[in-house]
Amino acid sequence: MTVWGILLAAILTAAILFVPKAGLLALWNRFRSHRDRTRSEDALKHILAWRQRSGPASLESLAGSLRLSPSTVLHLATRLETAGWIQCGAAGIELTPAGERRALQVVRAHRLWERHLADDANMPIGRLHQAAERAEHSLTVSQVARLDAHLGHPQHDPHGDPIPSADGRVASLNAVCLNDWPVDMPGRIAHIEDEPDAVFRRILAAGLRPSQVVRVVEAHDASLRMQVEDAECVIDRALAINIHVSSARRDDLYPADAARLSDMRQGDSGEIIGMGPECTGFSRRRLLDLGLTPGASVQVVLDNTFGDPRAFRVRGTTIALRREQAEHVWVRPRESAARMEVSR
């Protein structure tokens, strides 16, 4: 090879390696940065979940969860402690306030992305978790805020897990394990744990989904026989550990004096409490965009001879709603709202 050939080869090699943004070195740096962020955020999520379930995490639990070698996990923990996100002590690994905020941001992104995939993309529930695991590390705080607004500020993800608020508050689940649910008492599936994946898929294969009304017909040592809406199934108690149930009664979801907007008569008015849990996706966003938000005043201003639609006054604007839309809106009638004010 001539001198000019060697020089040209050197120039091309340098271009391939070092060209800004598109060179191999730039690509490697971006890959390494994303890998480090993913490992760090997965570690923070693990520590948060471990604390909520069984106490402080450890280097061993981190290595098992992240599938990393002990030396890699030790390096990761050192980096997280230097960043001020964790504290390592004799009792285990704990999150600092800054680390907990970061962990909750990742959990918030994950659960909102699952909600988006379920509501907007109609993705089957069995595929949501893995897709959200990939997306959660790429979303910025502002992107998550826009996604939250787009979805109508949902309270729970498709599995029933509460979605952390922007300021890090997490609502309690208010549900009990299916194994502890009384026989013959109707309940609503509030949450199905999506990990481990093999257990989750067996629960789905049994035909169980969040929001279903169930009733335990017979409780045996190793299994439960249940009525699930119009069908019947038998599920192992080992699987039932990952299913949580809450009351199916309306009075346990809303105040005793609440009413559906669809049941109010012309001239009636009240204060909006919120949307029913069954109202998700575009339907929920549409109602919120019309101004039907908690705390707003609403009045039935015009009935329809043919039933639908009816006219409602909300936030100074008259809107038309069909009965099937108004059924999702829960209202405290004006007389009840006035009594609440007096009682305060």
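Val-176 stands opposite Val-245, a residue of strand β8. In this predicted model, the pair offers a convenient place to enter the sheet. Val-176 belongs to β3, a strand that covers residues 176-177. Strand β8 comprises residues 243-247, and two bridges join β3 to it. The two strands run antiparallel.

From this pairing one can proceed to the whole sheet. Six strands make up an open sheet, and their order is β3-β8-β4-β5-β6-β7, with antiparallel pairing. The strands at the edges are β3 and β7, the latter spanning residues 231-236; each has a single partner strand, so one side of each remains without a neighbour in the sheet.

Two strands of this sheet also help to locate particular features of the backbone. One of them is β4, which covers residues 187-192. Between β4 and helix α8 (197-205) lies a loop, and Pro-196 is found there. The peptide bond that leads from Glu-195 to Pro-196 is cis, and its omega angle is near -5°.

On the other side of α8, a further loop connects to β5, the strand of residues 213-219, and this loop contains Ser-211. Ser-211 is not a glycine, yet its phi angle is positive, near 80°. How exposed is Ser-211, in terms of relative accessibility? Its value is 42%, and Ser-211 therefore counts as partly exposed, a class that lies between the limits of 20% and 50%.

A positive phi also occurs at Arg-67, again a residue other than glycine, where the angle is about 60°. Arg-67 is located in the loop between two helices, α3 (59-66) and α4 (70-82). Is Arg-67 buried or exposed? Its relative accessible area is 78%; because exposed means over 50%, Arg-67 belongs to the exposed residues.

The view may now be widened to the chain as a whole. It contains twelve helices and 14 strands. The chain has 344 residues, of which 40% count as buried. The surface that the chain exposes amounts to about 19200 Å², and 55% of this area is supplied by carbon and sulfur atoms.

The contacts in the chain complete the description. Among those with a separation of 6 or more, 61% are between residues 24 or more positions apart. The pair with which this account began, Val-176 and Val-245, illustrates how residues from two strands can stand opposite each other in the fold.

Definitions and conventions:
Residues numbered from 1 in each chain as written. Predicted model: local features only at pLDDT ≥ 70, side-chain atom pairs only at ≥ 80, totals over all residues. Heavy atoms only, no water. Pairing = 2+ DSSP bridges. Helix = DSSP H or I, 4+ residues; strand = E, 2+ residues; numbered from the N terminus. Buried < 20%, exposed > 50% of the residue type's maximum accessible area, 1.4 Å probe, protein only. Contact = heavy atoms within 4.5 Å. Areas by Shrake-Rupley, 256 points an atom, 1.4 Å probe, with all protein chains shown as cover.
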